Amino acid sequence: MSARGGACGARGVAAVTRADGARAAAEDSLEDYAFRYVPRSFRRWSAGSVGIMALGSIAFLADFSIGASIGLEHGTGNALLGILLASVIIFVVGAPIAYYAARYNIDLDLIARGSGFGYYGSAITTVVFALFTCIFFALEGAIMAQGLQVAVGLPLPVGYLVSTVVVIPIVIYGMRALERLQFWTTPLWLVLALLPLLWIVVSDPEAVRAFVMFTGDSDGEFDFGAVVASAAVCFALMPQLAEQIDYIRAMPPRTRRNGRTWWVSLLFSGPGWVIFSGTKQVIGVFLAVYLVTRIDPSLGRRATEPVIQILGLYESLMPEWLAIALALVLIVIAQVKINVTNAYSGSLAWSNVYTRVTKTYPGRSVFIFFNLAIALALMLMDVFSLIGFVLSLYANVVMSWLVTIAADIVINKYVLRLSPRIPEFRRGMLHDWNPVGLVSVGLASLLSLAAFAGLFGEEVRPYSVLIAICVAVVTTPLMAIATRGRFYLRRRSDGIALPLLDDDGNPSGVRLRCHVTGYTFERPDMLASAENGPGGEVQYVSSLALTLDGSDRFVLPPEPSITARTTRPPPRAWMRRRAQKGRA
């Protein structure tokens, strides 16, 4: 065989291999859509059902431990103000991000691509989120292992292994299995968690009085530094928004008929998750104070362990054997509910990054085990004992990242109009790297971590997360202005004449055939291929096929002098109709 023939043969084999990989990924993504837009054909649930499913994932007990730890250290007053401060900021930052996920049916990685990071740049933030799922799986798995040790005497290392393995069968089956789990277990969790607590509050006024007056390790006075330090630990929960988005990206199209339900479901299950999370943190403070003031003052820091909190609460109301049994049921339900979400979202994140970088797709199941292996290692290293430090440190990077995305959406898209209004995630439409988000996250993280390490003095240290937030808010629009929005898009047009949105402003459900995989995909997932058909006709290629193609043979060439101001979509039919109705 000639050298030329060998090269052509190698390219042909490579093309076949890539097409096979794209087909395999397409078939797998019928369940989880790890790399792309969630099509209308998959989104069969009502807005209310999606909201209930998403809220089921916030049953985690780490909230109790976080609230207890800051309450014992800073006292009830400062802790509650810190929880309130963190909750308000998390809601404000999360609202625009959650809206984009629900409105355009994409996950946080796809949002980040077109909101200041670029096609490959967003992979960095996806790794940050993937590590979050590992850390919180480890924290929640450790709580379950503690419950098994108390209830049945199972050694902690064995409990760590059990809490890891138990979620695998559910996670492998993806979104549909998660929906069933969250729907059927949420009512039982609420009954077991809230009824005993409400009974204590009603029947023991002294417990409430002790909670209100508790000073912890502080002098009992208001201290803004203590409030911010309390909030800093809570901020580390912010990536939970990304796990909520993994559910709410399956929201149905918003129409006039379902508009009210759509908005209510979005607000409560999107940014509104922090309302429930903050409430659980307050409950954690109450339980810790109840234990050390009414049950056993010698508990000390052990009162921050959710197992001890729940068991102490139950034992004050019922026989010991029943208290242990019910506490174990509550803990197992709570940990399985959140850790199937941690494992699921983590597997999506890892597989997304790996496939984008290597152009190969080994299957999502591989990354389930990868994610769980990291989480198990963290459990064995006793990460739970360092929960306060780990979360405070992590919060600096987390808030730098998510505030940057929120600032790009609110300021750069709607105020400055330097970022494309409709989120773009497809390879070929985006630059590989965008300095707007990367510089903002890098600078905000660097300065906040330096403050956290005490390099600016001990008096500044408690404010490290606020530094991250402020720097990200300021740097994101400044970078967009400095670059004039040139690094958001490499093309104005995706080469397809059909509109991207329908008459209600939702992503179009029109299906087109991908000439690489042979499958049909919905319009928002498609681009015109740079490779025409046998008769010179336009062919279409899916974003999934482009993700797995390393040759760039199907990618349309860039267009010169692209800025976001030139990419604003033309007025849509539904906007014209509304204007006509208004004039009428």
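Glu424, Arg426, Asp494 and Arg523 are linked in a network of salt bridges, a salt bridge being a side-chain nitrogen of Lys or Arg within 4 Å of a carboxyl oxygen of Asp or Glu. The model is a predicted one, in which local features need pLDDT of at least 70 and side-chain atom pairs count only at pLDDT 80 or more, while totals for chains, interfaces and linings use all residues. Residues are numbered from 1 along each chain as its sequence is written, and side-chain values use heavy atoms, with hydrogens and water left out.

By this rule the count comes to 19 salt bridges. In one of them Arg40 pairs with Asp502, the closest N and O atoms being 2.7 Å apart; because Arg40 lies in the loop between α1 (3–32) and α2 (47–55) and Asp502 in the loop between α19 (464–483) and β1 (511–513), the pair ties together parts that are 462 residues apart in sequence. Helices (H or I, at least four residues) and strands (E, at least two) are here DSSP runs, numbered from the N terminus.

Two of the network residues, Glu424 and Arg426, also line the second largest cavity, together with residues including Tyr37, Tyr104 and Pro524. A cavity is a set of points, on a 1 Å grid over the protein atoms alone, where a 1.4 Å probe fits but cannot get out, and its lining residues have an atom within 4 Å of a point. The volume of this second cavity is about 110 Å³, counted as the space filled by probe spheres set on the points, which are joined across faces, edges and corners.

The largest cavity holds about 140 Å³ of space, and among its 16 lining residues Asp107, Leu108, Asp109, Thr126 and Phe129 lie nearest its centre. Helix α15 gives the most to this lining, with four residues.

Leu108 also appears in the surroundings of Ile97, which, leaving aside neighbours within four places in sequence, is in contact (heavy atoms within 4.5 Å) with Leu108, Ile111, Leu241, Ile245, Leu402, Ile405, Ala406 and Ile409. Both Ile97 and Ile405 are among the residues that touch the most other members of the largest nonpolar core, which has 145 residues. Such a core is a set of buried Ala, Val, Leu, Ile, Met, Phe, Trp, Tyr and Cys residues joined through side-chain atoms within 4.5 Å, where buried means under 20% relative accessible area, exposed over 50% and partly exposed in between, with a 1.4 Å probe and protein chains only.

Technical notes: 1 Å grid on protein atoms, 1.4 Å probe; cavity = no way out; pocket = protein on both sides within 12 Å on 5 of 7 lines; lining within 4 Å.
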